[in-house]
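Here are some short exercises, each with a worked solution. Try each task before reading on.

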Amino acid sequence: MRPELRLSRLALAAAVLAAGASGLWLLNTITRQNSISGLYIEKPPCGYRSEKNLIIFMDDRAVRSLKRFRININSILLKANEVWKENGVKVRYGTNNVRFRSWDTFSEECRFRDAKFSDESRCLANEMGPKSASVRKQYDPDILIFITASGIEDMSGKSFWKAGQGNGTIVLNLGINLNKYDSDERVRGVANNFYRKRFAQLLVHENAHLYGIPHSSESNSIMKNNIDGLGGHKMRIDRESKQALLEITGHLEMETVGCAARK
């Protein structure tokens, strides 16, 4: 460690001790910001890809829930690709080279309910941050996806982004009330199709946020704030959100083409 860096850290620690409670708050804020910055993924101007390279983290709850319904992640990604295509947006998820990792949500700090963590700062610092840093050293992902099923029917999501390039980190809670469907194989088959589409639309919703797209007030929009209706056959990306996505992705693609022409 460089001497000046060691001194700056010592100075920060001394300042925290001197400031008492307010200093502790400042230290926690800095720690959280350092952890959350690892979840942002920014690419250079020529580095945009419409086909996203993914690294997916799944907890044990998600693995069990999807297995019971015979749903696998690739089938969700393929369904999401269909959603992007039918809405005319050039975004795709590559399914041939998806890398899977595990993450721990059994510690109380990482319980993800109602689109928030029990203790986001600790979860970022102790679990998501280190895991994100590790895989980003090895690979060049566009999106990190952390999947849980920590709440019964508590389907929700959260996005971490900074540059509005469609890259960043997504957390998905694929809540399923398993007991509803276990008794009837035919019902489970219907539920399989419904949940696969529902999860795909949730992924599209959160990925659109990575492009900087806000929530919509349209009742049948995939981008509406209340996502209870996701999975329905009427759900689409609303016109305003779609237009914004087309403009953003079009600009990013033109930048990439221009870079290639200058080489």
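## A lysine and its partner

At 11% relative accessibility, Lys 43 falls in the buried class. The model is a predicted one.

**Exercise 1.** Find the salt-bridge partner of Lys 43 and give the distance between the closest N and O atoms.

*Solution.*
- Step 1. Start at the side chain of Lys 43. Its salt-bridge partner is Asp 142, and the closest N and O atoms are 3.5 Å apart.
- Step 2. Place both residues in the chain. Lys 43 sits in the loop between α2 (21-37) and β1 (51-52). Asp 142 sits in the loop between α5 (120-138) and β7. The two are 99 residues apart, so the pair links distant parts of the chain.
- Step 3. Classify the partner. The cut-off for buried is under 20% relative accessible area. Asp 142 has 0%, so Asp 142 is buried.

**Exercise 2.** Is Lys 158 buried or partly exposed? Classify Glu 120 as well.

*Solution.*
- Step 1. Confirm the contact. Lys 158 and Glu 120 form a salt bridge, with 3.7 Å between the closest N and O atoms.
- Step 2. Locate the two ends. Lys 158 lies in strand β8 (residues 156-160), and Glu 120 lies in helix α5. They are 38 residues apart.
- Step 3. Apply the classes. Lys 158 has 24% relative accessibility and counts as partly exposed. Glu 120 has 14% and counts as buried.
- Step 4. Look at shared partners. Salt bridges join Lys 43, Arg 49, Asp 140 and Asp 142 into one network. The structure holds nine salt bridges.

## A strand and its neighbours

**Exercise 3.** How many residues of strand β7 (residues 143-148) are buried?

*Solution.*
- Step 1. Sort the side chains by direction. Ile 143, Ile 145 and Ile 147 point one way from β7. Leu 144, Phe 146 and Thr 148 point the other way.
- Step 2. Check burial. All of these residues are buried.
- Step 3. Conclude. Six of the six residues are buried, so β7 is largely enclosed by the rest of the structure.

**Exercise 4.** Which residue of β7 is the bridge partner of Met 58? Which residue in β9 stands opposite Thr 148?

*Solution.*
- Step 1. Take strand β2 (residues 54-58). β2 pairs with β7 in the parallel sense over five bridges.
- Step 2. Read off the partner. Met 58 is bridged to Ile 147 in β7.
- Step 3. Take strand β9 (residues 168-173). β9 and β7 run parallel and are joined by six bridges.
- Step 4. Read off the second answer. Thr 148 stands opposite Asn 173.

Technical notes: Residues numbered from 1 in each chain as written. Predicted model: local features only at pLDDT ≥ 70, side-chain atom pairs only at ≥ 80, totals over all residues. Heavy atoms only, no water. Buried < 20%, exposed > 50% of the residue type's maximum accessible area, 1.4 Å probe, protein only. Helix = DSSP H or I, 4+ residues; strand = E, 2+ residues; numbered from the N terminus. Pairing = 2+ DSSP bridges. Salt bridge = Lys/Arg side-chain N within 4 Å of Asp/Glu carboxyl O.
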